[in-house]
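Open the model in your viewer, show it as a cartoon and keep the selection tool handy. We will go from stop to stop, selecting a piece and seeing what is there.

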Amino acid sequence: MKIATWNVNSLTARLQHVLDWLQANPVDVLALQELKQTEDKFPFMELEAAGYNAVMFGQKTYNGVALLTRTPLVAADVTRNIPGFADDSARVIAGTVDAPGGPLRVVGAYFVNGQAPGTDKFDYKMTWLRALRDWLRDELDRHPRLVLVGDFNIVPEDRDSYDPVGLAGTILHTDEERHHFKALLDLGLVDSFRLFEQPEKSYTWWDYRQLGYQKNRGLRIDHILVSAALKGQAVACSIDRAPRKWPKPSDHAPVTLELR
DNA sequence: ATGTCGACGAATCGTCGA
């Protein structure tokens, strides 16, 4: 069973990339972020023709998340955003899929970027991260078999940044953000990418500017965290850089986890 | 290199967010 996550930077602009990638990589679940579209624009038909069911939570211009699945989700328990946390942004969608070993809870999220420390947006990021952790604590009680996937907008460790010294203390690299990432691990979640040997300088995002991809000036900010109950079933986790080389790419690459 | 990309509203570019 394979679960993937991809920030597509507008599904309107990237639908063909998603369809092409799914054809080559027929994962069981694909979580998408930054759809930048409302539900009436969402390509349900095209995805269905490609063999995928979809649930989405969108808004105009910004944010927006979806879960694409080869088999329909348990419809009754799809959750949009963090329950009890008032939020103008569409950032979270969670659902349950049937999987070997029992139902699997998939939480797809587009974490707040936060702009820069000291700004209102950074404060919102901290508040949102606290609310996410508090909700996930309960969610893990209800669903011990859980994966948290998406664009975390957090560089967990120095080795996940092309310039950890020059960028120390800047957005995505602050101690406060890393503290929140660790707080998720303290819930029993594990960064599945680090369960396996990985190439040096593995990143999931590269700035469009300054030949960021060509120079591998990237960050690893897209993650797949697995609950303790699932950790033993993880077989592989990898970043697929291929679509980052296609014409008009998303600035993010997809990440895929394989569970046995 | 503020050095790109995408969406939007209003104009055929400026602004915002990432």
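The tour begins with the whole chain, then visits two sheets, two loops and a DNA strand.

**Before you start**

This is a predicted model, in which local features need pLDDT of at least 70 and side-chain atom pairs count only at pLDDT 80 or more, while totals for chains, interfaces and linings use all residues. Residues are numbered from 1 along each chain as its sequence is written, and chains are lettered from A and ligands numbered from 1 in the order in which they are written.

**Stop 1: the whole of chain A**

Select chain A and colour it by secondary structure. You should find five helices and 14 strands; helices (H or I, at least four residues) and strands (E, at least two) are DSSP runs, numbered from the N terminus. The chain is as compact as a globular protein of 260 residues, because its radius of gyration of 17 Å is close to the 18 Å from the globule rule. That radius is taken over C-alpha atoms, and the rule is 2.2 Å times the number of residues to the power 0.38. Turn the model around: the C-alpha trace spans about 45 × 40 × 40 Å along its principal axes.

How much of chain A is buried? Of its 260 residues, 46% are. Here a residue is buried if 20 or more other C-beta atoms lie within 10 Å of its own, exposed if 12 or fewer, and partly exposed in between, with C-beta atoms placed from the backbone.

**Stop 2: the sheet that holds β14**

Strands of a sheet pair through backbone hydrogen bonds, either parallel or antiparallel. In this tour, two strands pair if DSSP finds at least two bridges between them.

Now select β3, β4, β2, β1, β14 and β13. In that order they form an open sheet of six strands with mixed pairing. The edge strands are β3 (53-57) and β13 (234-239), each of which pairs on one side only.

Start at the β3 edge. Five bridges hold β3 and β4 (residues 65-69) together in the antiparallel sense. Show M56 as sticks and look across to β4, where A66 stands opposite.

Next, highlight β14 (residues 255-259). Four of its five residues are buried, so this strand is largely enclosed by the rest of the structure. On one pairing, β1 (residues 2-7) runs antiparallel to β14 and is joined to it by four bridges, with I3 opposite L257. On another, β13 and β14 are antiparallel and share five bridges, and A236 stands opposite E258.

**Stop 3: the sheet that holds β6**

Select β5, β6, β7, β8, β12 and β9, which in that order make an open sheet of six strands, again with mixed pairing. Its edge strands are β5 (79-80) and β9 (190-191).

Zoom in on β6 (residues 92-97). Is this strand mostly covered or uncovered? Mostly covered: six of its six residues are buried. In a regular strand the side chains alternate between the two faces of the sheet. You can follow this in β6, where V92, A94 and T96 point one way and I93, G95 and V97 the other.

Keep A94 selected, as it has partners in two strands. T79 in β5 stands opposite A94, and β5 pairs with β6 over two antiparallel bridges. In β7, the bridge partner of A94 is V107; β6 and β7 (residues 104-110) are antiparallel over six bridges. Six residues lie between these strands in their hairpin, where G101 takes a positive phi near 95°.

Further along, five bridges join β8 (residues 146-151) to β12 (residues 222-226) in an antiparallel pair, and G150 stands opposite H223.

**Stop 4: two loop residues**

Select T61, in the loop between β3 and β4. T61 is not a glycine, yet it has a positive phi of about 75°. It is exposed, with 9 other C-beta atoms within 10 Å.

Then go to N216, in the loop between β10 (205-206) and β11 (218-219). N216 also is not a glycine and has a positive phi, of about 50°. With 13 C-beta neighbours inside 10 Å, it counts as partly exposed.

**Stop 5: DNA strand B**

Finally, select DNA strand B and the 14 residues around it; S10, T12, T61, Y208 and R209 come nearest. A residue is near the strand if its C-beta atom, placed from the backbone, lies within 6 Å of it.

Colour this surface by residue class and you will find two nonpolar, seven polar and five charged residues. Ala, Val, Leu, Ile, Met, Phe, Trp, Tyr, Cys and Pro count as nonpolar, Asp, Glu, Lys and Arg as charged, and the others, Gly among them, as polar.
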